[in-house]
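Biologist: I am new to this structure and would like a close look at a single part of it. Could you take me to one aromatic residue and then show me what surrounds it?

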Amino acid sequence: MNRQLFVDAGQSGIKVEYFLDGKRQSNWRLGPIFTNLPLAPQFLSAISELPAEYREFDSLFISSSGITEAQPLANEIRASFAFLENAFVVHDSVGSLVLNCGIGPAVVCAAGTGIVTLAVSDQGLARVDGWGHSMGDFGSGFWIGKKGLEAAMRFFDGRAGETKLLGRLVERFGEPSRAYIAVQSDEAWVSLVAGFAKDVLELAAVDEIAAEIRSEAASEITTSILTAASRVGLTSESQFKLALVGQVFSSQGLAEEVRSRLLTTHAQCEFVEKAGDLSGLAKLGDVSPEHPLWNQIGRS
């Protein structure tokens, strides 16, 4: 009997899936990860919320935003479960790549509240962005949402042209002159701002300013992908897998614009569909010491 627990944690929520002998038995959606707080207690708390029959497992695979040192975290997690045989912990950029593309050559761009791009080939590994909303995450849900809120308030002030984004701001946060208080006083304010990206991307088809924000986001995302690919030697002639994953790419308009921009220079890349479940994270156990991903995986 092989019992596996898979955890995919981000600032918008935590997905957990339990597999028995290769078949998913159950899955859950839990509260978000806070990357400014210690991560191990948050993972342990999330697991403690599962029904009792799913709180014992042989292997644990965790992919999460906010991880800077995977090995100490894997050791800490493993020490918390006497029954656990193997623990694998990776930053969500590595998790997204392995889950959706395998172990290369490939590029993955994972865009939710934040955004990170990872490329791998036999020449090495390259990460672009994923540096948080305070100094990076260009093209992310937070970035798009903040641009949208700024545009709405510029229109409210009379500093810029009309946009339907102001109406969406009022629907979500109330009277414009007090909306910033409602956002800033909420402990989940980052998620609130990122949530406004949905409004921006929905309105892009009918609102010029929203469309401009979407186009700028597509440009930032494309730049990150091309930069990561170049850094590992993937050229316009290279064949590699490319995955666009995360809630931001549920916007068909944004995803299509990114694909169109990329295919003008990298026609050989193969766009792959998002994985249907988390079981692909088990490939973390197949990475050899010679592979560029080896040092990115915490294992215990």
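Modeller: Happy to! Let's begin at Trp 189, which counts as partly exposed because its relative accessibility is 32%, above the 20% under which a residue is called buried. Please keep in mind that this is a predicted model, and that the values below are computed from it.

Trp 189 has a ring partner. Phe 142 and Trp 189 form an edge-to-face aromatic pair, with 5.9 Å from centre to centre and 75° between the planes. The pair links distant parts of the chain: Phe 142 belongs to helix H4 (residues 141-157) and Trp 189 to helix H7 (residues 189-203), 47 residues apart. Phe 142 counts as buried, because its relative accessibility is 6%.

Helix H4 spans residues 141-157, and that brings us to Ile 144. Leaving aside residues up to four places away in sequence, Ile 144 touches Gly 139, Ala 197, Val 200, Leu 201, Ile 213, Ala 217, Val 248 and Leu 254. Ile 144 also stands out in the largest nonpolar core, which has 49 residues: together with Leu 165, Ile 225, Leu 254 and Val 258, Ile 144 touches the most other members. Helix H8 gives the most to this core, with 9 residues. A broader tendency fits here: in soluble globular proteins, nonpolar side chains tend to be buried together.

Helix H8 is a good guide to the next part, the sheet. Five strands make up an open sheet of mixed pairing, in the order E8-E7-E6-E9-E10. Its edge strands are E8 (124-129) and E10 (270-271), each of which pairs on one side only. Strand E6 (residues 106-111) and strand E9 (residues 241-245) pair in the parallel sense over 5 bridges; Ala 110 has Val 245 in E9 as its bridge partner. Helix H8 (residues 208-231) lies across E6, strand E7 (115-121), E8 and E9, and runs at about 160° to E8. Helix H9 (residues 252-263) lies across E9 and E10, running at about 155° to E9.

For contrast, let's visit another set of rings. The structure holds 9 aromatic pairs. One of them is Phe 61 with Phe 88: the ring centres are 5.1 Å apart and the planes are at 5°, so this pair is stacked. This pair, too, links distant parts of the chain, with Phe 61 in strand E4 (residues 59-64) and Phe 88 in strand E5, 27 residues apart. Phe 61 is buried, with a relative accessible area of 3%, and Phe 88 counts as buried at 12% relative accessibility. Ring pairs also join Phe 6, Phe 19, Phe 61 and Phe 88 into a cluster.

Strand E5 (residues 86-91) has a polar member to look at as well, His 91. This residue is buried, with a relative accessible area of 10%. The side chain of His 91 makes a polar contact with the side chain of Ser 93, at 2.8 Å. Not counting residues up to four places away in sequence, His 91 touches Ser 63, Ser 64, Gly 66, Ile 67, Val 116 and Arg 127. Among these, Val 116 falls within strand E7 (115-121) and Arg 127 within edge strand E8 (124-129), so you can follow His 91 back to the sheet.

Definitions and conventions. Residues are numbered from 1 along each chain as its sequence is written. This is a predicted model: local features need pLDDT of at least 70, side-chain atom pairs count only at pLDDT 80 or more; totals for chains, interfaces and linings use all residues. Side-chain values use heavy atoms; hydrogens and water are left out. Two strands pair if DSSP finds at least two bridges between them. Helices (H or I, at least four residues) and strands (E, at least two) are DSSP runs, numbered from the N terminus. Contact means heavy atoms within 4.5 Å. Axes are lines fitted to C-alpha atoms, for helices over the stretch in contact, and angles run from 0 to 180 degrees between N-to-C directions. Buried means under 20% relative accessible area, exposed over 50%, partly exposed in between (1.4 Å probe, protein chains only). A polar contact is a pair of N or O atoms within 3.5 Å; within protein, one must be able to donate a hydrogen and the other to accept it, and residues adjacent in sequence count only if both atoms are side-chain atoms. A nonpolar core is a set of buried Ala, Val, Leu, Ile, Met, Phe, Trp, Tyr and Cys residues joined through side-chain atoms within 4.5 Å. Rings of Phe, Tyr and Trp (its six-membered ring) pair if their centres lie within 6.5 Å; planes under 30 degrees apart count as stacked, over 60 as edge-to-face and the rest as tilted.
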